[in-house]
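The following exercises are to be worked through with the sequence and the coordinates at hand. Each task is followed by a solution in steps.

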Amino acid sequence: MKRSEINAIIRESDSFIRSFGYVMPPFAYWSPDEMKTRVGDDAKAIDAARLGWDITDYGAGDFSKMGLFLFTVRNGRMDDLKKGKGMLYAEKIMISRKDQLSPMHRHELKAEDIINRGGGTLVIELYEKAADGSPDRQSKVTVPCDGVMRTLEAGGHLKLAPGESVTLMPGIWHAFWGEGEDVLIGEVSTVNDDATDNIFHEDIGRFSTVEEDEAPLHLLVSDYDTWL
């Protein structure tokens, strides 16, 4: 992705998020220089927890068709998760654009609530995990939606209207997209590790390669290793 495209998506996404009354934390608006300075001083936790902007086209090169906007607001520690106490949770705000696919994947560790916070309908395609780890094309899949169990055929499409949510336990295969309009999505989960805990069905990447055609408005999480 070109940096100019990423900068435009950040501006558009911030405006969309604010239209629903959600405001980003202060560090979201730090310049790259301020981020470098603060992470080297009093804000080391931002880098360690990988908090911040995250825009991906999954390496496919067409964000409008396959992509996702994410911002990690808070994230716990994997060491705490191993101990079973401490900061065991994470929170993201995301945008799935109309007909924009977030491709089929699952997590080994992370359980997550996916919440439609506003906009269009969020459509989630679901599979159980087969014995070999692949999507189970035969078995029905049952997931809790706001305290009510819902059962779908393998590959069924769960549709969430604004205010509705689903809990996805580790191993559940899922892909999703917005229907009708762009969708604002909340995610509340156990500790998040995007570097190792995303298993895709197709041979794709989690993060985008960035072409630096202009200066970054704000750094992405995937920039931290090279910019900070």
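**Exercise 1. The surroundings of one arginine**

In this predicted model, the backbone oxygen of G133 lies 3.1 Å from a polar atom of the R106 side chain. Determine which side chain makes a polar contact with the side chain of R106, and establish whether R106 is buried or exposed.

*Solution.*
Step 1. Locate the residue: R106 belongs to strand β4, which spans residues 102–106.
Step 2. Find the side-chain partner: the side chain of E108 makes a polar contact with that of R106, at 2.6 Å.
Step 3. Assess accessibility. The relative accessible area of R106 is 7%; buried means under 20%, and R106 is therefore buried.
Step 4. List the contacts, leaving aside neighbours within four places in sequence: R106 touches K129, G133, G171, I172, W173, H174, D197, N198 and I199.

**Exercise 2. Salt bridges**

State how many salt bridges the structure holds. Then explain why the pair K110 and E187 ties together separate parts of the sequence.

*Solution.*
Step 1. The count for the structure is 20 salt bridges.
Step 2. Consider the pair formed by the side chains of K110 and E187, with an N to O distance of 2.9 Å. K110 is in the loop between β4 and β5 (112–129), whereas E187 is in strand β11 (residues 173–190), so the bridge joins parts that are 77 residues apart in sequence.
Step 3. Examine the accessibility of these partners. K110 has a relative accessible area of 3% and is buried; E187, at 5%, is buried as well.
Step 4. Look for another partner of K110. E112 forms a salt bridge with K110, with 3.6 Å between the closest N and O atoms. E112 also counts as buried, at 3% relative accessibility.
Step 5. Turn to the salt bridge between the side chains of R3 and D223, at 2.9 Å from N to O. This pair links distant parts of the chain, 220 residues apart: R3 is in helix α1 (residues 3–18) and D223 in the loop between β12 (199–200) and α5 (224–227). Both R3 and D223 are buried.
Step 6. Note a network of salt bridges, which links D54, K92, D194 and R206.

**Exercise 3. The two faces of a helix**

Identify the buried residues of helix α2 and explain why they are on the same side of α2.

*Solution.*
Step 1. Within α2 (residues 32–39), the buried residues are P32, M35 and V39.
Step 2. These residues cover an arc of only 60 degrees around the axis, and they therefore share one side of α2.
Step 3. Recall the general rule: an α-helix has 3.6 residues a turn, so residues three or four places apart point the same way.
Step 4. Inspect the face turned away from the buried side of α2: D33 and T37 are the exposed residues there.
Step 5. Find the packing partners: the buried residues of α2 pack against α3 (44–49) and α5.

**Exercise 4. The internal cavity**

Determine how many cavities of 30 Å³ or more a search of the whole structure finds, and which residues lie nearest the centre of the largest cavity.

*Solution.*
Step 1. The search finds one cavity of 30 Å³ or more. The volume of the largest cavity is about 130 Å³.
Step 2. Its lining consists of 18 residues, and those nearest the centre are L68, L70, H105, H107 and N198.
Step 3. Assign the lining to elements: β2 (68–75), β3 (89–96), β4, β5 and β11 each give two or more residues. The largest share, three residues, comes from β11.

Notes:
Residues are numbered from 1 along each chain as its sequence is written. This is a predicted model: local features need pLDDT of at least 70, side-chain atom pairs count only at pLDDT 80 or more; totals for chains, interfaces and linings use all residues. Side-chain values use heavy atoms; hydrogens and water are left out. Helices (H or I, at least four residues) and strands (E, at least two) are DSSP runs, numbered from the N terminus. Buried means under 20% relative accessible area, exposed over 50%, partly exposed in between (1.4 Å probe, protein chains only). A polar contact is a pair of N or O atoms within 3.5 Å; within protein, one must be able to donate a hydrogen and the other to accept it, and residues adjacent in sequence count only if both atoms are side-chain atoms. Contact means heavy atoms within 4.5 Å. A salt bridge is a side-chain nitrogen of Lys or Arg within 4 Å of a carboxyl oxygen of Asp or Glu. The arc is that of the directions from the helix axis to the C-beta atoms. On a 1 Å grid over the protein atoms alone, a cavity is a set of points where a 1.4 Å probe fits but cannot get out, and a pocket is an open set with protein on both sides within 12 Å along at least five of seven lines; lining residues have an atom within 4 Å of a point. Grid points are joined across faces, edges and corners, and a volume is the space filled by probe spheres set on the points.
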